[in-house]
Amino acid sequence: MDSNSIQGGPSQGATEVGTFSGLRARLLWLVLLAVLPALGLILYTAHQSGRLAARQTVDEAQLLVRLAAADYARLVANSRELLGTLALLPEVRGRDAAGCHTLMARIKSGYGQYLNLGVIGPDGWVFCSAVPTAQRVNVTDRAYFKRALETRDFAIGDFQIGRITGRPVVVFSYPDYEANGRLRAVVFAALDLAWLDQLAAKAQLPDGSRVTLFDGRGVILHRYPESEGWIGKSPEDSPLMRAILASRSEGTIETAGLDHVPRLYAFAPLLAGVAGGGAYLSVGIPRDIAFADVNRIFVHTFAGLALVALLVLAAAWYGGDVFLLRKIRALVSASRRLAQGDLSARSGLAHGRDELGELARAFDETATALGIRGAELGHAMEALRDNEERFRSLVETTSDWIWEVDARGMYTYSSPKVVELLGYTPEEIVGKSPFDFMPPDEAARVGRQFTEFARARRPFERLENVNLRKDGGRVVLETSGVPIFDRDGRLAGYRGIDRDITERVRAQAKLKHLAYHDELTDLPNRALLLDRLRQGLLETARQDRGVAAVCLDLRDFKTVNDTLGHETGNRLLQAVAERLQTCVRPGDTVARLGGDKFGMMLADVSHHEDVTRVLQKIRAEFAQPLRVDDRELHLSMTFGISLYPSDGADAETLLKNADIAMYRARERDDDHQYYSADMTASAAERLALENDLRRALERHELLLHYQPQVSLASGAITGVEALLRWRHPQHGMISPAKFIPLAEQTGLILPIGEWVLREACAQARTWQAAGWPLRVAVNLSARQFRQPGLDELIRGVLEETGLDPDRLDIELTESTIVHDPTGVAAIFAGLERLGVQVSIDDFGTGYSSLSYLKRFSIDVLKIDQVFVRDIAVDPDDAAIVRAIITMAHALGIQTIAEGVETREQLAFLRKNRCDAMQGYYFSRPASADDISRLLEDGKRLTVTERLADEPT
């Protein structure tokens, strides 16, 4: 081989390489041109799918938020109406605890959204509750109680754990005031936050979604699911909370949640603007779940495209034959078709083993892969449509009727719920207006309201309207709606919800009837009687005639109740109501005021004689016996009468004065009394004393004095009797004989008695710790003795104060234990188990039945001072005291003589072996500090006093 041949070889090879390299470059460009449009199509499709998925997710969240907002607004409105109605019920206003408990439990059974319903007294103590509780509950520190008193209107409390229910609740409250502005009671309803869980569960949100309820300050009230770990937290710095507090209205945001999970959130206020009731609801759906299908398809498609592109580039790298450009042009043509979106485009070339054949194969595989990925994207779009259909199904299966109307007020959409509500199908509804399904007068009224809302382009809530069913029946709907606007901001129509409230309206009518009528007799109650009196006063002013208010009660009714039972008593009251109605004229009113007390409004009277004729007729009618349960019962009545205008210028004053006159008649044992001005003074004095007594405990005006009990054997102080005293800030010391009976009548004896028990036990424990183990005696009234859970109360006080049970002496009067022996025996058994001592006070002055001394576990008899006073000079009193001591010792019972004031009395008691004494001879009742000084000084009976007249 010559030199020319050697030199020519490299030149030819370089040409072939350059030609091959140029062809490869063109092939590579063709491949890129084929792949890039496909990549752009994938990116564009993924972008559009992502936007659709995000919009669908946000719409899903917003729908649930709006449904919850509407549901919460309805709950608040319904609660306000319900509490306002309950406040008028006689069981609430009459402080009838048993009736109120029963009524609240019955009403709660019909309102499953409430955990509890009840009534709070003016002092903050829960008066009655649908959920029974063993302990009294005070709610003066609760926000809903404070807000009700501050606003004097319906109020919503903060989130809290209910003291009665023990569960998370939001409490609604409604104050009820008397005519003079004094708070009568606060009615409350505890809303179960589980309503939000139920709504969220129905929505079937994707895994990882969170529904959160915030109050107006940004504190979490409830979270679904996993509520416990988040309640009470205040995520003020979170982007979601900042967006909610900044907007204070409906909105959306994409951000990381409280658990750092990125989500798409929708939020809206729940009843914004209500004092204490502002709250916000957010629904968050994980971003990853919202974009999961789109991302997965995009990744798979992109990966497949990349793989195929590499294969094609490899094939193109090895293709270099200029004679195959025709095939390459075919590939370019197919690529262009593919770039234009024709996923069915193929090369049409044989899949040979050469580079171009492999390229054709790779291209066709790319087209096939793109077709597969396109099908997958189609499936993703179908899944998104399925999600849309699922949420449409949620709308159509909700318990409310959801609709849309256009700007002309014509239905453009109706959920299937309309079939159940009105009997029409959605197809029959669409194209017609809401007013086509209303009575003419109702359509005119509602039409005017709707026109005003549409003109103002604002939403409306809870519009009640009557609609005609397809079968001719009537149904009451509650309608709420929000405006819809087009892209240019023009009103396009309204979207809203209708709810069937027919049964609620009927229930409210029934409750309204109950609010003004007595449930037992169906007579008007006090509220309706006052209303009739007011109407009568207006008529009187026009006709120059008078009106009389009459209060009457049944003298012997308590005996009937105690002997024949409450059922017979109730039937007797019904019979009395029927007979009273036959005794009055058509224009008069007979009402039941509570218990055995009735009231009457007598219209068109001018003199006492007009009223007297009515009373005579009533007496004549009731002179004949009433027949109840095959028994003939005779009743007598006491009447109190007041006349307009001489005895009062308004209905409340007339009825109050008639009540005062009736009580004066009872005091004087008359069958009737007409009101006179002097009666008010004594009634006002009693009322003022009662009001002062109600505040005496909280103002620390009550105090205890103690009278020593001295052993006649040792002469030492062995115990004390706790005696209640009241130091009034204006009137000084008030006699117990004056305020103790008042406390009994008003029921204040229960809290006061509990305070006395706790104070006396604490003082006895102090003396015990100082080395003086005295026994303290505490008097219990009959009402205290029979209160439920007496033994548990005493046990709790002993544990709280640390006093040994054998250091406590419970003193009872004879009258307390002679009735209901079975019930008394159970109470005595409980006291005996506690280990406390039981004494019978004022023995010999009451029933003095020896049977209870044998039947009950009694430790001490206290001989009343009426017998002790003259034992030194009166043989009869001496014999009685001697007999009591002898009998008590025979039964193993100790004796204490009360009212010992002279040395002669002491000598007699010592001679007849009385165990102990108390009285002025040794010491008057004194303060705890004075008793402590007696103990420090070691005061006791002298030896001479103890040995006086010692028996031989």
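This report describes the overall make-up, confidence, cavities, disulfide and selected residues of one protein chain.

## Basis and overall make-up

The structure is a predicted model, in which local features need pLDDT of at least 70 and side-chain atom pairs count only at pLDDT 80 or more, while totals for chains, interfaces and linings use all residues. Residues are numbered from 1 along each chain as its sequence is written, and side-chain values use heavy atoms, with hydrogens and water left out.

The protein chain contains 32 helices and 31 strands. These elements are DSSP runs numbered from the N terminus, with helices (H or I) having at least four residues and strands (E) at least two. Of the 952 residues in the chain, 48% are buried. Here buried means under 20% relative accessible area, exposed means over 50%, and partly exposed lies in between (1.4 Å probe, protein chains only). A contact is defined by heavy atoms within 4.5 Å. Among contacts in the chain with a separation of 6 or more, 60% are between residues 24 or more positions apart.

## Confidence

The pLDDT value is the predictor's confidence in each residue, on a scale from 0 to 100. Its mean over the protein chain is 82, and 85% of the residues reach 70 or more. Among the elements, strand S31 (residues 916–917) has the highest mean, 96, and helix H32 (residues 943–947) the lowest, 61. Over residues 1–21 the pLDDT stays under 50, and the model has seven contacts beyond four places in sequence for this stretch. Residues 272–277 also have pLDDT below 50, with nine contacts in the model beyond near neighbours in sequence.

## Cavities

Rolling a probe the size of a water molecule over the atoms shows where empty space is left. On a 1 Å grid over the protein atoms alone, a cavity is a set of points where a 1.4 Å probe fits but cannot get out, and its lining residues have an atom within 4 Å of a point. Grid points are joined across faces, edges and corners, and the volume is the space filled by probe spheres set on the points.

The structure holds seven cavities of 30 Å³ or more. The largest of them encloses about 230 Å³. It is lined by 19 residues, and those closest to its centre are Trp-403, Pro-434, Met-438, Val-446 and Thr-479. Strand S11 (401–406), helix H13 (440–456) and strand S13 (460–468) each supply at least two lining residues. The largest share, four residues, comes from S13. By class, the lining of the largest cavity has 13 nonpolar residues, five polar and one charged. In this classification, Ala, Val, Leu, Ile, Met, Phe, Trp, Tyr, Cys and Pro are nonpolar, Asp, Glu, Lys and Arg are charged, and the others, Gly among them, are polar.

## The disulfide and the burial of cysteines

A disulfide is a covalent bond between the sulfur atoms of two cysteines. With the criterion of a pair of cysteine sulfur atoms within 2.5 Å, a search of the whole structure finds one disulfide. The bond joins Cys-100 to Cys-128, with an S to S distance of 1.9 Å. Cys-100 belongs to helix H3 (residues 97–108) and Cys-128 to strand S2 (residues 126–129), so the pair ties together parts that are 28 residues apart in sequence.

The table gives the burial of these two cysteines and of Cys-551 and Cys-761.

| Residue | Relative accessibility and class |
|---|---|
| Cys-100 | 0%, buried |
| Cys-128 | 1%, buried |
| Cys-551 | 1%, buried |
| Cys-761 | 0%, buried |

## Selected residues

Leu-554 is part of strand S16 (residues 546–554). This leucine counts as buried because its relative accessibility is 2%. Beyond neighbours within four places in sequence, Leu-554 contacts Leu-573, Val-576, Asp-596, Phe-598, Leu-635, Ser-636 and Met-637. The C-alpha atoms of Leu-554 and Gly-595 are 9.4 Å apart, although the two are 41 residues apart in sequence.

Ser-781 occupies the loop between strand S26 (775–779) and helix H23 (782–785). Its relative accessible area of 11% makes Ser-781 buried. Not counting residues up to four places away in sequence, Ser-781 touches Glu-744 and Ile-749.

Ile-880, in helix H29 (residues 875–890), is partly exposed at a relative accessible area of 34%. A C-alpha separation of 9.7 Å lies between Ile-880 and Ile-863, which are 17 residues apart along the chain.

In helix H4 (residues 143–151), the buried residues are Ala-143, Tyr-144, Phe-145, Arg-147 and Ala-148. Arg-152, just after H4, takes a positive phi of about 55°.

Definitions and conventions. On a 1 Å grid over the protein atoms alone, a cavity is a set of points where a 1.4 Å probe fits but cannot get out, and a pocket is an open set with protein on both sides within 12 Å along at least five of seven lines; lining residues have an atom within 4 Å of a point.
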